[in-house]
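Reader: I am new to this structure and would like to understand the terms applied to it. Please set each value against its definition.

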Amino acid sequence: MDSYKVIVGIILVSFISSLILGNFMIPQLKKKHIGQNIRQEGPKSHYDKAGTPTMGGVMIIIVAIILSIIFIPFNSKSLVLLLSTVGFGLIGFIDDFRKLVMKRSLGLNAKQKIVLQVVLSFIVCLITYIENPELVTKLRIPFSNGYWHVGYFGFIILMFIMIGTVNAVNLTDGLDGLVSSVSIPVFMTFILISIGIEDKIFASILLGSIMAFLVYNSNPASVFMGDTGSMAIGGAVSALAINMGISIFLIILGGVYMFEALSVIIQVISYKTRNGKRIFLMSPIHHHFELKGYKEPKIVTSFAIVSALLSLVTLLII
């Protein structure tokens, strides 16, 4: 019982810290005119969002770093968590900074992004392997008590899962409050199933910070997290899964993220192989529902419910 009181306390500290930091940061972002650029080919309902402060994900990263230093003992597990979260967040920050501050039409190009992501994910997997080789060479299989003995091939699988998760979360960040709402059940699940104190506390810090960010990011959003925030969250999700030895379970636990990414892949394949024909009105899939006439809050709520249900399924099979 006492341990859960500590976890609840950390969630509250993270929430309040992020809320205070956001109250300071958002006016600064407005003052420096660091506002969101809206794609012309996107839904017309998003045009009014042009200029909304972005890169707000910095507040999630700052709180994660400070509270991790205060509450989590430093070891290889905590290093993996911080390196993945801050590292992927930094890649997103560079991308945002080049686009929004340096006013370049594109941030990092696709090749630059993938190279940085491959290098970072390899380092995270290497640290994990040095501390506990079985987390890389033996992967637990969902819906069974068995393990997939993959040997060194586990490096490639885990790197693919990390990069896929980070980019899937990034694609999910397209509506006010969507990533935050979908991610809250995910981090709650990590708190419930984690055994290591590092993972439990880190998931609690992220949960509190994301809940606070949702206060500012819910429709109509007063700030967006940008690639900085979405990629940091993706890094945290994948690192927690690796530390717990449940990376493959992200197919279920992170099912909403995966479905968003899959919708883009399906759309591209359909367009290229069916003479420009599309499966969805627009991808990622949340834009399809927008163009079908559903309002943002309804889509966000529905996706959050799906994420909660997938989290319950994960708790049943873990």
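Reader: What makes the contact between Asp-227 and Lys-99 a salt bridge?

Author: In this predicted model, local features need pLDDT of at least 70 and side-chain atom pairs count only at pLDDT 80 or more, while totals for chains, interfaces and linings use all residues. Residues are numbered from 1 along each chain as its sequence is written, and side-chain values use heavy atoms, with hydrogens and water left out. A salt bridge requires a side-chain nitrogen of Lys or Arg within 4 Å of a carboxyl oxygen of Asp or Glu. The side chains of Asp-227 and Lys-99 meet at 3.8 Å, N to O, so the pair satisfies that limit. The pair links distant parts of the chain, 128 residues apart: Asp-227 is in helix α9 (residues 226-244) and Lys-99 is in helix α3. Helices (H or I, at least four residues) and strands (E, at least two) are DSSP runs, numbered from the N terminus.

Reader: Why is Asp-227 called buried, and why is Lys-99 called partly exposed?

Author: Buried means under 20% relative accessible area, exposed over 50%, and partly exposed in between (1.4 Å probe, protein chains only). Asp-227 has 12%, and is therefore buried. Lys-99 has 25%, and is therefore partly exposed.

Reader: How do you know that Lys-113 and Asp-95 form a salt bridge, and where do the two residues lie?

Author: Their side chains meet at 3.2 Å, N to O, which is within the 4 Å limit. Lys-113 belongs to helix α4 (residues 110-131) and Asp-95 to helix α3 (residues 76-101), 18 residues apart. At 22% relative accessibility Lys-113 is partly exposed, whereas Asp-95, at 2%, is buried.

Reader: How many salt bridges does the structure hold, and what makes Glu-134 and Lys-138 one of them?

Author: The structure holds 5 salt bridges. The side chains of Glu-134 and Lys-138 meet at 3.9 Å, N to O, so this pair also falls within 4 Å. Glu-134, with 46%, is partly exposed, and Lys-138, with 25%, is partly exposed. Elsewhere, salt bridges that share partners join Asp-95, Lys-99, Lys-113 and Asp-227 into one network.

Reader: How do you know that the span of helix α2 agrees with what is expected?

Author: The expected span is 1.5 Å times one less than the number of residues. Helix α2 (residues 57-71) has 15 residues and should therefore span 21 Å; its end C-alpha atoms are 21 Å apart, which agrees. Among the buried residues of α2 are Gly-57, Ile-60, Ala-64 and Leu-67.

Reader: What makes the contact between Ser-183 and Tyr-257 a polar contact?

Author: A polar contact is a pair of N or O atoms within 3.5 Å; within protein, one must be able to donate a hydrogen and the other to accept it, and residues adjacent in sequence count only if both atoms are side-chain atoms. The side chains of Ser-183 and Tyr-257 are joined at 2.6 Å, so the distance meets the limit. Ser-183 lies in helix α7 (residues 178-193) and, at 0% relative accessibility, is buried.

Reader: Why is Leu-116 called partly exposed?

Author: Leu-116, which is in helix α4, has 36% relative accessibility and therefore counts as partly exposed. The C-alpha atoms of Leu-116 and Lys-77, which are 39 residues apart along the chain, are separated by 21 Å.
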